[in-house]
Amino acid sequence: MTRAADLKVKLFADGADKSAMLELYRNPLVVGFTTNPTLMRKAGIADYGKFARDILSVIRDRPISLEVFADDFAGMERQAREIASWGENVYVKIPVTNTQRQPSLDLICRLSHAGIRLNVTALLTLDQVRDVSAALAGGAPSCVSVFAGRIADTGRDPVPLMAAAVEIVSLYPSMELIWASPRELLNIFQADAIGCHIITATGDILQKLALVGKDLHEYSLDTVKMFYNDAQKSGFTI
């Protein structure tokens, strides 16, 4: 099987915990970072700008995606231009629509053609991929994030859709497709097999890279030992 070091898909770490991000920054397999307001809230971040500038003062040589949080397009544009000014390695995350289902396409086109690197996020359909790619065409380098994990959560196999999305995005040299919200390590290898450019993954998934290629008999024994040791530590008796 493919070794982790031989993967062609680029690994981006998804999270908002500073210490974890800096630890992953030391991992040469991790070549970019993404975050979002939900991850920031879970990490207990209260000052968005302070957190972002703090991270950007250390991680300067790898792309970092930071998301707007306004719901009106004027607010999104103001925030996007401000966030983009914080670092040359910043990609501004713009949701594919606002909460009123209004498409962000005009804003995406305007910002991209103004030279702002974008990561258009929360896509789940091929129609969205086509529309967003067309809006980004001819603009600054950009990413299109399709939430394959959420597609899988609905009982659908995301691989065929993601393979089709690769074909669409690959028509535009300045764009890269992101396999977002993976649910397991296998998704990294699935993304690699279809030629997806980038996959984002949380730290708990990236930690499992150490298991790639592990002998399954040994892994079976490790599992038996885990159950035994935990029963002993709990002092179970029958």
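**Exercise 1. Two helices side by side**

In this model, α1 passes α3 in a right-handed crossing (the near helix is turned clockwise from the far one by less than a right angle; anticlockwise would be left-handed). The model is predicted, so local features need pLDDT of at least 70 and side-chain atom pairs count only at pLDDT 80 or more, while totals for chains, interfaces and linings use all residues. Residues are numbered from 1 along each chain as its sequence is written, and side-chain values use heavy atoms, with hydrogens and water left out.

*Task.* Describe how the axes of α1 and α3 are arranged, and list the residues that make the contact.

*Solution.*
- Step 1: find the helices. α1 covers residues 18-25 and α3 covers 48-58. Both names come from DSSP runs numbered from the N terminus (helices: H or I, at least four residues; strands: E, at least two).
- Step 2: take the axes. Those of α1 and α3 come within 11 Å and cross at roughly 20 degrees (axes are lines fitted to C-alpha atoms, for helices over the stretch in contact, with angles from 0 to 180 degrees between N-to-C directions).
- Step 3: classify the angle. It makes α1 roughly parallel to α3 (under 35 degrees; over 145 is roughly antiparallel, 65 to 115 roughly perpendicular, the rest oblique).
- Step 4: read off the contact (heavy atoms within 4.5 Å). On the α1 side are Lys18, Met21, Leu22 and Tyr25, and on the α3 side Phe51, Asp54, Ile55 and Val58.

**Exercise 2. The two sides of α1**

*Task.* Which residues of α1 are buried, and which exposed residues sit on the face turned away from them?

*Solution.*
- Step 1: list the buried residues, which are Met21, Leu22, Leu24 and Tyr25 (buried is under 20% relative accessible area, exposed over 50%, partly exposed in between, with a 1.4 Å probe and protein chains only).
- Step 2: look down the axis. These residues cover an arc of only 160 degrees, so they lie on the same side of α1 (the arc is that of the directions from the helix axis to the C-beta atoms).
- Step 3: turn to the opposite face, where the exposed residues Ser19 and Glu23 are carried.
- Step 4: see what covers the buried side. The elements include β1 (10-14), β2 (30-34), α3 and α10 (203-206).

**Exercise 3. From α4 to α6 by way of α5**

*Task.* Compare how α5 meets α4 with how α5 meets α6.

*Solution.*
- Step 1: start with α4 (residues 73-84), whose axis comes within 11 Å of that of α5, with a crossing of roughly 25 degrees. α4 and α5 are therefore roughly parallel, and α4 passes α5 in a right-handed crossing.
- Step 2: name the contact. α4 supplies Phe73, Met76, Glu77, Ala80 and Arg81, and α5 supplies Leu107, Arg110 and Leu111.
- Step 3: move on to α6. The axes of α5 and α6 come within 8 Å and cross at roughly 35 degrees, and this crossing is right-handed as well.
- Step 4: name the second contact. Leu105, Ile108, Cys109, Ser112 and His113 of α5 meet Asp131, Val132, Ala135 and Leu136 of α6.

**Exercise 4. The buried face of α6**

*Task.* Which residues of α6 are buried, and what covers them?

*Solution.*
- Step 1: within α6 (residues 126-136), the buried residues are Val129, Val132, Ser133, Ala135 and Leu136. Seen down the axis they fall within an arc of 160 degrees, so they line one face of the helix.
- Step 2: the cover includes α5 (105-113), β5 (118-123), β6 (142-147), α8 (158-169) and β7 (175-180).
- Step 3: look just past the helix. α6 is followed by glycine 138, whose phi is positive, near 85 degrees.

**Exercise 5. Positive phi outside glycine**

*Task.* Where are alanine 122 and serine 181 found, and are they buried or partly exposed?

*Solution.*
- Step 1: alanine 122, in strand β5, has a phi near 75 degrees. Its relative accessible area of 34% makes alanine 122 partly exposed.
- Step 2: serine 181, in the loop between β7 and α9, has a phi of about 55 degrees. At 14% relative accessibility, serine 181 counts as buried.

**Exercise 6. Cysteines without a bond**

*Task.* Why is cysteine 196 not bonded to cysteine 143?

*Solution.*
- Step 1: search the whole structure, which yields zero disulfides (pairs of cysteine sulfur atoms within 2.5 Å).
- Step 2: check the distance. The sulfur of cysteine 196 is 10 Å from its closest cysteine sulfur, that of cysteine 143, which is too far for a bond.
- Step 3: check the surroundings. Cysteine 143 is buried at 3% relative accessible area, and cysteine 196 is buried at 4%.
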